[in-house]
Amino acid sequence: MGLSRRRFLGAVGAAGGYGALYTTMMGLGLLAAPRAYAGPPKLPLSGGKGVSVAILGAGVAGLVAAYELRKAGYTVTVLEARSRPGGRAWSIRGGDAVVQTGRPDQTCAWAPGQHAYFNAGPARIPQWHHAVIGYCQELNVPLEVMVNANRGAKLDFAGKVVTERQAVDDTRGAFTELLAKAVDKGALDQELTGLDKQMLLGYLSAYGDLSKGYRYDGSTRAGFAAAPGGYDHPPKAGPPLRMADMMSSRFWGASLVFEEIIDFQATMLQPVGGMDRIAHALYERVKPAVKFGAVVKGLRKTAKGVRIVYADAAGERALEADYCVCTLPLPVLAKIPSDFTPRVKQAIAAAEYHPGTKVAWESRRFWEQDDFQYGGLAWTDEANELVWYPSGGFGEKTGVLVGAYSIGFSGPDGPAKYAAMSFEERFAVSRRVIDKFHPGKGGELTKPVTVSWGQTPFSEGVAVNWSEAQRATDYAVLCKPDGPFYFAGEHMSYINAWQEGAALSAHEALKLIQARVSAA
């Protein structure tokens, strides 16, 4: 009996966890790969003169829509419930209030500084995200390298702590040994000529750092048992991890395949001073059009366009416009009374969002000063999932260390479990894991702040999670306007959870509006 795709993916997930499953699905074409970027929509100058557009939400999608529409002469009004731009592109600094639904309010108490910030939402930009990078160039937002991977960072799985370099190189060595021995014993003779066989064996020996007999006996690539030094101090490799270690750790979750996913390949970038610098740069270009503290209460179609009822500090108001670009997260939109068609309402209500949770600390930069580790991610199978080291401020005395990013890297159950914990429980897990990676240093962590996006007002989740079936049904419904209402946001893209998806979805909505205006 043949192995079905479903059974094959199940076996991959059981052996290698969520990360291996994600990469395999990408390879099978079940997840979207990047496409060429054609630039923002070329809306004709003054093409929108006399046409008004209401934009709901001043996140990246809403700000991009406002920026491009205003350049083309449209009259734009942006309604934002928060007191700041950016939506989920939120960077927290000393003095900022952090409000979570059903949880105690927090105030960040960190000392000020260029690198004293916490990206509670997006925190990296892949170099193929050309739309976001293009806006950074256009709006003069300086970028710097974001260190996404560090072979010196630690992995904590199945009760065993190893360095990433040891996990990566010992796994490669073990797999290469198996393949080389199979080739040497003729297992692939039907596929290989004699010369090809020798060439492949030569490559595998170099690729896996194999010894005589195609054995993997360890490698200095995986670290040193004795570091090289002056005079009579040659390097010595340590004993390698064995297949049993790899199997018990489920091959370290997503960590070993993370850099193979195109969104996480070097070189990664970040704005200098915090991810919200992009949203603020867009906001400065559309500032007169934005109303903060405007909570949408009702959405209606009219004979001429749309009527938006909203509440602000002065009471309830109404805004009328020819069109509306709605970028509100779908769990928020589902609770707002509207006259959307029943099928559109059904699609909105069907969306499920990840609950992602982060924790950040202020601390002496012991990871650099004592352990000589600069940037990168450390991974664990505990509920906090990640420790994320800062990529800026090297050499400064203190820094902000992200001690948790729980979004499902190690499996589907961790994020809900971590989000349900009290703040003190989240902090305790994060501190314990950091102390595993840097023994004796967990006590230096101070002034923690935590954000869970499922508990964040006006977001109610970190990103949408469309199923394959929903892409052809609910998602497809929302890709079409409902009368004068157009939908945008990361949820209206194949690049979910990324600012790139938000920007590109805004571009698509604007092209539809422009086509309708031109045809009128």
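Buried here means under 20% relative accessible area, and I keep that cut-off in view while reading this predicted model.

**Entry 1, Glu68.** I began with Glu68, which lies in helix H2, and asked whether this residue should be filed as buried or exposed. Its relative accessibility is 5%, so Glu68 counts as buried. I then looked for a polar partner and found that the side chain of Glu68 makes a polar contact with the side chain of Tyr135, at 2.6 Å. Leaving aside residues up to four places away in sequence, I listed what Glu68 touches, namely Pro40, Leu43, Tyr135 and Leu510.

**Entry 2, helix H3 and helix H15.** Tyr135 led me to helix H3, where it is one of the buried residues, together with Ala131, Val132, Ile133 and Cys136. I noted what these buried residues pack against: helix H2 (60-71), helix H7 (276-286) and H15 on the helical side of the list, and strands E7 (125-126), E8 (143-146) and E13 (268-271) among the strands.

At what angle do H3 and H15 pack? For H3 (residues 130-138) and H15 (residues 499-519) I recorded an angle of about 85°, with the axes 8 Å apart. That value makes H3 roughly perpendicular to H15. On the H3 side of this contact I wrote down His130, Ala131, Val132 and Tyr135, which meet Gln499, Glu500, Ala503, Leu504 and His507 of H15. Sorted by class, the contact has 5 nonpolar, 3 polar and 1 charged residues.

**Entry 3, backbone after H3.** Just after H3 I came to Asn140, with a positive phi of about 60°, a positive value in a residue other than glycine. Asn140 lies in the loop between H3 and E8, and I entered it as exposed because its relative accessible area is 64%.

**Entry 4, a second positive phi.** I made a similar note for Phe372, whose phi is near 55°, again a positive value in a residue other than glycine. Phe372 lies in the loop between helix H10 (366-369) and strand E21 (376-380), and at 63% relative accessibility it counts as exposed.

**Entry 5, the surroundings of E13.** Which two residues does a cis peptide bond join? I found them to be Ala266 and Thr267, with omega about 10°, and I placed Thr267 in the loop between helix H6 (243-248) and E13. I next looked at Gly273, in the loop between E13 and H7, which counts as buried at 11% relative accessibility. Not counting residues up to four places away in sequence, Gly273 touches Arg93, Gln114 and Tyr117. I also checked Gly273 against Ile55, 218 residues apart along the chain, and their C-alpha atoms are separated by 27 Å.

**Entry 6, helix H9.** My last look was at helix H9 (residues 342-350), where I listed the buried residues as Val344, Ala347 and Ile348. These cover an arc of only 100° around the axis, which puts them on the same side of H9. On the other side of H9 I found Pro342 and Ala349 exposed. What covers the buried residues of H9? My list includes helix H8 (330-333), helix H14 (474-478) and strand E26 (485-487).

Key
Residues numbered from 1 in each chain as written. Predicted model: local features only at pLDDT ≥ 70, side-chain atom pairs only at ≥ 80, totals over all residues. Heavy atoms only, no water. Buried < 20%, exposed > 50% of the residue type's maximum accessible area, 1.4 Å probe, protein only. Arc of directions from axis to C-beta. Contact = heavy atoms within 4.5 Å. Axes fitted to C-alpha atoms, helices over the stretch in contact; angles between N-to-C directions. Parallel < 35°, antiparallel > 145°, perpendicular 65-115°, else oblique. Nonpolar A, V, L, I, M, F, W, Y, C, P; charged D, E, K, R; others polar. Polar contact = N/O pair within 3.5 Å; in protein donor to acceptor, adjacent residues only side chain to side chain.
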